[in-house]
Amino acid sequence: MFAQRIKNLPPYLFARIDEMKAKKRAEGVDVIDLGVGDPDLSTPPHIVNALIDTAKNPDNHHYPSYLGMPEYRQAVSGWYNRRFGVDIDPDSQVISLMGSKDGVAHIPEALVGPHDYVLVPSPGYPVYSTGALFAEAKTHEMPLTKENGFLPDLDAIPKDIAKKAKLMWINYPNNPTSAIAPLSFYQEVVEFAREHGIVVVSDNAYSEITFDGYKAPSFLEADGAEEVGIEMHSLSKTYNMTGWRIGMAVGNKEVIRGLGIVKTNIDSGVFNPIQYAAIAALNGPQDCVADACKIYQERRDVLVAGLTKLGFDVSMPKATFYVWMGVPDSISFAAKMLDETGIVITPGVGFGKSGEGYVRFAITRSADRIREAVERMEEVSW
């Protein structure tokens, strides 16, 4: 009964992990979930209050703007200017998203079709590939290796593939490897995109989750970036708003216009009170972001120290709330973790072929819970 495109889709990684968690909990296991990157911290009160106040207004109960309220787009533009020094026209270079996943999944429908290629990082967020499959395009995986700092080697992309490519995904700070990228890398991407006529989409959802004084740049800071692409950002991780479904795409006017055409035909925009809450987040005090990063940094330190003591191959990430660890076999290691310790982690191969040999820990549980996880691991022979 299903279309071929559905048959071509791999099982969605995190839905499968949810099934495994539920099974273990039904068996009475006290599961420590370090799998999916869903912050356990609460949305800051001033953001919640903005939603409550504006939801009471009947004027906000109607269809919202397809592209986003002007006030929201202005808030996004102001935030990008303050945070990255990038000037964005709120009227033509910003569109609201129902979380960045919305944009990630749908932008291929505006840009690619059969016989076109989409360049996706491997390992990488699975929706980069599935979005291309829904648009009936082909994908080419760009391996992210430890030897290259988990940055793609643009020179290694076959010339015939580059010629047929219409879209390239980049994502730094990176999920799942937690790698970071210098501005010089973004400049290389701009030149590559210009040479081959490729649209670049930077997924910058983790730019604000950083440690040890590190500040992540935006792809749009690179010279010429707005000529070749856009950036997507989400409030999910920055302000602990994963369930709210609010984000934005900014940058090249024509690419934003194309995404807007797709979205006006498939959805009706973001509920206005959620946009007002996002305005409060972007324009309000940012202490809540710094406080969250301190909490994640403590958790990172606890987990990395524990894993290092156990003899695992792990480095100290400067960004994201993930720890990427080398293992002999990702699926068997993750299965053993769940079966013998009750700890959920994500096998790296679920993010692409080049993710094999690694697993991902999400530090979205308390430091005490992470200590308990390490203690459980100490009881197992690895």
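**Exercise 1. The open sheet**

Task: Give the strand order of the open sheet of four strands, and say which strands stand at its edges.

Solution: The model is predicted. Start with the order, which is β9-β10-β13-β12. The pairing is antiparallel. Now look at the ends. β9 (313–314) and β12 (346–347) each have a single partner strand, so one side of each is left without a neighbour in the sheet. These two strands are the edges.

Next, take the pairing of β9 with β10 (residues 322–326). Two bridges join this antiparallel pair. Across it, Val-314 faces Met-325 in β10.

**Exercise 2. Helices on the sheet**

Task: Which strands does helix α13 lie across, and which does helix α14 touch?

Solution: Take α13 (residues 287–309) to begin. This helix lies across β9, β10 and β13 (358–362). It runs at about 10° to β10. Then turn to α14 (residues 330–341). This helix packs on the sheet and touches β10, β12 and β13. Its direction makes about 40° with that of β13.

**Exercise 3. A helix pair**

Task: Describe how α5 and α6 pack, from geometry to residues.

Solution: Begin with the axes. Helix α5 (residues 100–111) and helix α6 (residues 127–134) pack at an angle of about 35°. Their axes are 7 Å apart. The crossing is right-handed.

Now list the residues. From α5 come Lys-101, Val-104, Ala-105 and Pro-108. They meet Val-127, Tyr-128, Gly-131 and Ala-132 of α6. Finally, sort the contact by character: six nonpolar residues, one polar and one charged.

**Exercise 4. Cis peptide bonds**

Task: Find where Pro-173 and Pro-176 lie, and describe the peptide bond that leads into each.

Solution: Go to the loop between β5 (165–170) and α8 (183–196). Pro-173 sits there. The bond from Tyr-172 to Pro-173 is cis, with omega near -5°. Pro-176 is also found in the loop between β5 and α8. Its bond with Asn-175 is cis, with omega about 20°. As background, most peptide bonds are trans.

**Exercise 5. Positive phi**

Task: Phe-150 and Asn-240 have a positive phi. Are they buried or exposed?

Solution: Recall the background: most residues other than glycine have a negative phi. Phe-150 has a phi of about 60°. This residue lies in the loop between β4 (138–143) and α7 (159–164). Asn-240 has a phi of about 55°. Its loop runs between α10 (235–238) and β8 (247–251).

Now apply the cut-off: buried means under 20% relative accessible area. Phe-150 has 12% relative accessibility, so Phe-150 counts as buried. Asn-240 has 11%, so Asn-240 counts as buried.

Methods
Residues numbered from 1 in each chain as written. Predicted model: local features only at pLDDT ≥ 70, side-chain atom pairs only at ≥ 80, totals over all residues. Heavy atoms only, no water. Pairing = 2+ DSSP bridges. Contact = heavy atoms within 4.5 Å. Axes fitted to C-alpha atoms, helices over the stretch in contact; angles between N-to-C directions. Left-handed = near helix turned anticlockwise from the far one by under 90°. Nonpolar A, V, L, I, M, F, W, Y, C, P; charged D, E, K, R; others polar. Buried < 20%, exposed > 50% of the residue type's maximum accessible area, 1.4 Å probe, protein only.
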